[in-house]
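Please open the model in your viewer and keep the selection tool at hand. The stops below say what to select next and what is there.

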Amino acid sequence: MQQFFIGENQLEIKSLSDIIFRVRYAKNGNFHESLLSRYNIINEPSNDNNTTVEVINETLYIKDIIIKLSLLNEGYQIQFSLDENERIFGFGDMGRESIQKRGTKLKLWQTNVTGYGPIPYFMSSKGWGVLVNTTFAQDYDVGCDIKDKITVSVASGTIDFYIFISDSMTGALELYTDIAGKPVMLPKFAYGFNFVSNEENGAREVLTDCYQFRQEGIPCDMVGLEPGWMEKHYDFSVNKRWHPTRFYFPEWLPINYYGTWSWIYSLQKLGFSLSLWLCCDYDLLWEEEKTRLEVKQNDFEGATIADKHFSSGVVMDQITKPGEAWFEHLKKFVDQGAAAFKLDGSNQVLEHPDRIWAGKYRDDEVHNVYPVIYAKQMTKGFEEYTGKRSLIYTPSAYAGTQQFAATWAGDTGGGPATVVSVLNFSMCGHSNSSCDLEPTDPITIHYGFLMPWSQLLGWRNWHQPWFLGPELKNCIKDYARLRSSLFPYIYSMAHKAAATGIALARPLALMHPDDDAYDNVSNLYYLGDSLLVGVFDMNFTLPPGMWYDYFTGERYSDTVNYVPPKGKGGGLFVKDGAIVVTQEPMQYVNEKYPDVYHVNVYPGADCSFTLVDDDGITYDYRDGVISETKFEISNTTETDFDFTIYKRQGSYTANDVNDIEVIIHGWDKRYIVTASERRDKDLTWHIKKELN
């Protein structure tokens with residue numbers, strides 16, 4: 001660690017490796033601990049490898065980046081130098097006008113709709129990134145007023161930031177998520193199709209909808225309940241109960257009853273997981289501080305009248321229950337079968353100007369980070385109570401959210417602006433993002449089903465597919481079956497995101513950083529390594545190479561004025577030199593293990609794909625309880641290539657029953673490999689194209 005005194009101010013530079021540095025600078029060495037660090041939302045390795053940084057007064061020289069530090073009377077300022085052609089990405093869901101941020105100004109502050117997900121991380125097209133370790137409001141001038149500088153102004157606290165040095169933006173993201181957390185691996189059902197019911201529905205109507213999905217042959221994995229499930233609408237308290245008529249449980253049954261008389265039992269027999277809507281205004285910081293709200297009890301010694309109104313101290317917070325963690329009151333609903341919770345924006349996106357959190361923190365320090373604490377306590381609480389993964393999803397995010405929760409784009413529908421939201425999250429290592437699927441147009445159906453995760457919101461509408469007419473119903477059915485068939489590919493890519501921090505939905509600017517023509521492309525994005533999704537505007541400039549139309553097999557390159565096939569709402573392309581593993585569509589992803597995996601090979605270049613599986617329920621995958629099967633194209637020419645199926649690796653064996661059908665697209669070749677044939681050895685074929 002390097003330490004300097006500049007006047008009365010102390011500068012500390014810790015090299016966590018030769019490419020990750022933490023910089024802290026404070027008056028008189030009075031460093032302010034960020035709540036991100038205090039609550040273990042970000043975690044740094046304990047080692048210090050003593051790599052030195054050149055420092056002249058308040059200017060740092062890290063690699064070829066020049067950083068100027070300034071402590072102000074209130075707060076501080078940091079400036080980062082920019083080269084003439086450098087572009088900047090990141091900041092999360094903070095402005096949906098663009099993906100490339102150079103030339104803009106941003107205020108990072110959690111707000112409803114206009115700023116659901118401010119994330120104090122940005123990175124350069126040259127491959128370096130910065131995490132500003134603060135929860136106070138921040139203003140960023142990204143090469144706007146001063147063209148060759150990023151100027152960060154923070155209202156309070158002391159200078160504290162991490163800088164990551166890589167040769168690519170994907171490399172910077174991997175380093176950033178080493179500190180801020182890798183994306184959470186959701187349970188399997190979350191990567192299927194999720195339907196949120198109209199809040200007027202009761203148990204019978206919900207079950208009828210679930211039954212109808214099965215009758216219509218529309219794959220669906222989860223049903224969600226909106227605020228109407230509670231006895232008191234928008235109940236912020238820890239005393240919430242089921243609505244007594246819509247979701248009736250006999251009073252003589254235990255409060256956490258789950259048995260054959262429960263409507264949730266019947267829902268699960270149909271293969272559905274259950275999600276419950278929540279609102280929260282609880283003081284979660286008592287739990288993080290490991291302290292409790294103490295309310296002094298008064299005695300009545302010497303009083304003539306023992307008036308109960310004088311029995312205890314008075315607290316402004318009438319919601320938080322002294323000594324009880326927020327998740328505690330949700331355990332009874334988990335006992336009954338709740339596997340997911342939707343964390344509504346109320347009241348986590350709203351300011352609390354008169355509140356002192358945990359008796360010590362003002363809202364200006366807590367407001368940005370509160371949604372992360374909320375997601376953390378929900379995910380950790382569920383894990384500690386059940387040993388299982390949950391789907392926790394929220395519209396609100398900050399640094400670290402990706403390791404605890406999924407997000408959706410809030411109450412903003414499923415239009416083009418939400419694409420920018422999802423892609424900006426991807427530029428901050430947050431993978432499990434989505435929006436409300438709009439089911440009344442094939443264009444928005446196409447987009448909504450080809451997100452990292454997919455949900456249809458029926459809060460105050462009647463958008464069940466069978467109520468929308470045969471054309472839209474069939475479109476939804478086709479896309480639900482498409483998503484179900486793509487599940488092995490999507491789930492494997494989710495595992496890759498959880499390991500690397502490279503999100504499922506990837507902006508072209510991230511994957512082709514040397515071409516600034518892709519900087520603000522939002523009508524095309526990668527879904528995993530090999531699929532390219534075209535949405536809304538069908539005038540595409542495809543990345544280099546040849547691309548197969550997933551729907552028709554036709555091949556495209558360069559600029560395309562695309563016309564979707566009948567019944568489709570957009571484009572789905574596969575690059576030359578790709579492997580996409582699919583399965584037969586199922587009613588729900590946990591219905592059974594597929595009998596056959598379809599290994600779709602698109603010749604044209606060397607590549608590989610690793611099919612990853614686990615139990616989809618527990619966190620055993622963290623301990624390596626997974627299975628991995630690698631498929632590889634090698635030695636590619638225009639007329640032949642070698643194709644290898646490697647022996648399955650890993651200790652997860654429950655899925656060791658699948659045959660494999662290898663389909664060589666464009667070459668009219670198929671091969672069947674049984675589970676027993678591939679179980680104990682690698683298999684390689686030399687495949688030649690038959691010339692006419």
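In which strand is Asn9 found? Select residues 9-15, which make up strand 2, and Asn9 is there; strands here are DSSP runs of E with at least two residues, helices are runs of H or I with at least four residues, and both are numbered from the N terminus. Before going further, note that this is a predicted model, in which local features need pLDDT of at least 70 and side-chain atom pairs count only at pLDDT 80 or more, while totals for chains, interfaces and linings use all residues. Residues are numbered from 1 along each chain as its sequence is written, and side-chain values use heavy atoms, with hydrogens and water left out.

**Asn9 and strand 2**

Stay on Asn9, which counts as buried because its relative accessibility is 17%, where buried means under 20% relative accessible area, exposed means over 50% and partly exposed lies in between, for a 1.4 Å probe and protein chains only. If residues up to four places away in sequence are not counted, Asn9 touches Phe4, Tyr25, Ala26, Lys27, Asn28, Glu58 and Leu71, a contact being heavy atoms within 4.5 Å.

Now colour the whole of strand 2 by side chain. In a regular strand the side chains alternate between the two faces of the sheet. In strand 2 both faces are covered, with Asn9, Leu11, Ile13 and Ser15 buried on one side and Gln10, Glu12 and Lys14 buried on the other. Seven of the seven residues of strand 2 are buried, so this strand is largely enclosed by the rest of the structure.

**The partners of strand 2**

Add residues 2-6, which form strand 1 and run antiparallel to strand 2, joined to it by five bridges; two strands pair if DSSP finds at least two bridges between them. The bridge partner of Gln3 is Glu12 in strand 2. Two residues lie between the strands of this hairpin, where Gly7 takes a positive phi near 65°.

Next add residues 20-27, which are strand 3 and pair with strand 2 in the antiparallel sense over seven bridges. Ser15 stands opposite Phe21 of strand 3, and the hairpin of strand 2 and strand 3 has four residues between its strands.

**Strands 5, 6 and 7**

Move on to strand 6 (residues 65-71), which is largely enclosed by the rest of the structure, because five of its seven residues are buried. Strand 5 (residues 59-62) runs antiparallel to strand 6 and is joined to it by four bridges, with Ile62 opposite Ile65. The two form a hairpin with two residues between them, and Lys63 in the turn has a positive phi of about 55°.

Strand 7 (residues 76-81) also pairs with strand 6 in the antiparallel sense, over five bridges, and Ser70 stands opposite Gln77 in strand 7. Four residues separate strand 6 and strand 7 in their hairpin, and Gly75 in the turn has a positive phi of about 80°.

**An open sheet**

Finally, select residues 578-582 and 669-673, which are strand 34 and strand 40. Together with strands 35 and 39 they form an open sheet of four strands in the order 34-35-39-40, with mixed pairing. Strand 34 and strand 40 are the edge strands, each pairing on one side only. Strand 39 (residues 659-664) runs antiparallel to strand 40, with five bridges joining the two, and Ile664 stands opposite Lys669 in strand 40.
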